[in-house]
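Before reading on, take a careful look at the sequence and the model shown here. The questions below ask how certain words come to be used.

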Amino acid sequence: MSFKLFELLLQASIYTVTISVVSILIGFAIAILLSGMLLSQRRHFMLPAQIFISFFRGVPLLVQLLLIYNLLPVIGINVPSIVAAIIGLSLCTAAYQAENLRGGFASVPVGLVESAEMVGLSPGQIFRRIKVPIALRLTFPALVNEAILILKASSLVSVVGIVELTRMAQDLAGSTFLPLQLFASAGLIYLAINWIVALAGGLIERRLPGVPR
């Protein structure tokens, strides 16, 4: 296999990383909201969050992507394929991240929260300064694992017309008749990307407050 083909795979991997990173960050923001709704004592907050999480954890990601891609034009929202792909991945990862964060928030010591209330911190300050840092520290390994899963699952966005790493390997294999070399190269690129993510996650985790260095 020529270096030119490998270079094309590397260029396509930029789409894979970009789509994945944007989706993970958007999903994390949604997950914080969902986890807060899950921990609420009010049913009108809990129920929508539970339905959302049940749907996006219960329906295959491939079906979600196709549904979102075909539903948006029907309701009058015309967006590029890459936007539809990011929406699909973001909503899916938000459901999984929300469950991880819910466990982290539920593990925050009650006494710590009560102490913060006694010194006059507002609920918003307690959430930002105490609950979020502790929950993030407790759930960080699971969040890194979810990021790796989304990076791998991003190969499914090819069904909505995105030429990411897997789709590029498929297209090149069809024109060069070198499927083994191309898919092996794509696999190595995925492995390298996920290894970097895992390594970076480990370094960040050791620098989180309260984690022994």
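What follows is a set of questions and answers about two pockets in a predicted model.

Q: How much space lies in the largest pocket, and how much in the second largest pocket?
A: About 470 Å³ of space lies in the largest pocket, while the second largest pocket holds about 380 Å³.

Q: What makes a residue count as lining the largest pocket, and how many residues line it?
A: A lining residue must have an atom within 4 Å of a point of the pocket, and 18 residues line the largest pocket. Ile-24, Leu-143, Val-144, Ala-147 and Val-197 are the ones that lie nearest its centre.

Q: Which helix gives the most to the lining of the largest pocket?
A: Helix H1 (3-39), helix H6 (123-153) and helix H8 (179-206) each supply at least two residues of this lining, and H6 gives the most, with seven residues.

Q: Why are Leu-143 and Val-144 called nonpolar?
A: Leu and Val both count as nonpolar, so Leu-143 and Val-144 are placed in that class. The lining of the largest pocket divides into 15 nonpolar residues, two polar and one charged.

Q: Which residues lie closest to the centre of the second largest pocket?
A: Of the 14 residues that line the second largest pocket, Leu-39, Phe-105, Val-113, Phe-127 and Lys-131 are the closest to its centre.

Q: What makes Lys-131 charged rather than nonpolar?
A: Lys counts as charged, and therefore Lys-131 belongs to that class. In the lining of the second largest pocket, ten residues are nonpolar, two are polar and two are charged.

Technical notes
Residues numbered from 1 in each chain as written. Predicted model: local features only at pLDDT ≥ 70, side-chain atom pairs only at ≥ 80, totals over all residues. Heavy atoms only, no water. 1 Å grid on protein atoms, 1.4 Å probe; cavity = no way out; pocket = protein on both sides within 12 Å on 5 of 7 lines; lining within 4 Å. Points joined across faces, edges and corners; volume = space filled by probe spheres on them. Helix = DSSP H or I, 4+ residues; strand = E, 2+ residues; numbered from the N terminus.
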